[in-house]
Amino acid sequence: MNDKEVHASIDDLLDRAVRAINLGDRKTADALAGQVLAVDGGNTDAEELLAAPGDSGEIRRLTILFADLVDSTALSTRIDVEVYRTVIGRYRDEVTRLVNHYEGHIDSTKGDGLLAVFGHPKAHENDAHRAVYAGLDITHAIAALSERVRRRFGFDVSVRVGIHRGVVYLDTAQDDIYGLGANFAARVCAAAAPGTAAVSEPIERVVRDTFELEQLPPQTAKGIEGPIVLYRAVGERNVLTTTEGPVVGRERELAYLRQAWAQAKDGTLTTPGVAFEGEGGIGKTRLAYA
């Protein structure tokens, strides 16, 4: 197997282990987690599953986004309380708006830190991508907010965002999550530079074809053995730079798209739009750009 296939197999084993443990089949869950550790020693999700108590409630593997306002404690001591509350309120509104836009869910708000999950209560196949889009948009939105705050109040604000996919424990009664996955997302956030979004290795493996990512220097994190590998999300990857040459064997599809596009410009297109469907790797994105 190549690296991509190995990680896909690990993800499948972990998802099956989560399903087994939620069905009360601890023996199967432990066996699957053991298979993961056999090929990926030190996998934190597998270790978390093996250590999970039997009465821990529902367990999920979710994408977690943690956003934190930079140096907010120091800021609160320098400015008027009402001004601080106004700025914090605007910041929370922007983060919440963008998380909701990408159909994530704000799970908890503690001070100036906001934790959101993607994959619960509404799941999508591309929850990791949605979280990264949200994270990048949050950094841009808070940069714009900072300009407005500077003009009105004379100071700047900045945000850090961390994104991770891992095992968490759901407390549906309190609408809260806890566990290593949530804590790790906070550690990823703390490692991000002000005004940027950082992602963990499990996220990088899923979104690397869509986003330009820059590896950060090895980081240490409280409660995690050894250095952790993180990446800064730079932006969406420019597909045009990786799709050279003519499109071959898609003449019929291109003709249909050109016809639909002409009808859309004329206002005569009778369908809501055109959808690209098919398995990964068959060239949907290439066709769309062509």
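In this predicted model, Y231 of strand β8 is the bridge partner of V199. That contact belongs to an antiparallel pairing, in which β6 and β8 (residues 230-236) are joined over 3 bridges. On top of that, β6 pairs with strand β4 (residues 159-171), this time in the parallel sense and again through 3 bridges. Here it is A198 of β6 that sits opposite G162. So much for the partners; the side chains of β6 come next. The strand covers residues 197-200, with A197 and V199 pointing one way and A198 and S200 the other. Neither direction leads out to solvent exposure, as all four of these residues are buried.

Helix α9 has two quite distinct sides. It takes in residues 251-266, 16 in total, and spans 23 Å between its first and last C-alpha, close to the 22 Å expected at 1.5 Å a residue. Its buried residues include L254, L257 and A260. These three share one side of α9, because the arc they cover around the axis is only 130°. The spacing fits the usual helix arithmetic: with 3.6 residues a turn, an α-helix has residues three or four places apart pointing the same way. On the face turned away from that buried side, α9 carries E251, R252, R258 and D266, which are exposed. Just past the end of the helix comes G267, with a positive phi of about 80°.

How values were computed
Residues numbered from 1 in each chain as written. Predicted model: local features only at pLDDT ≥ 70, side-chain atom pairs only at ≥ 80, totals over all residues. Heavy atoms only, no water. Helix = DSSP H or I, 4+ residues; strand = E, 2+ residues; numbered from the N terminus. Expected span 1.5 Å × (residues − 1). Buried < 20%, exposed > 50% of the residue type's maximum accessible area, 1.4 Å probe, protein only. Arc of directions from axis to C-beta. Pairing = 2+ DSSP bridges.
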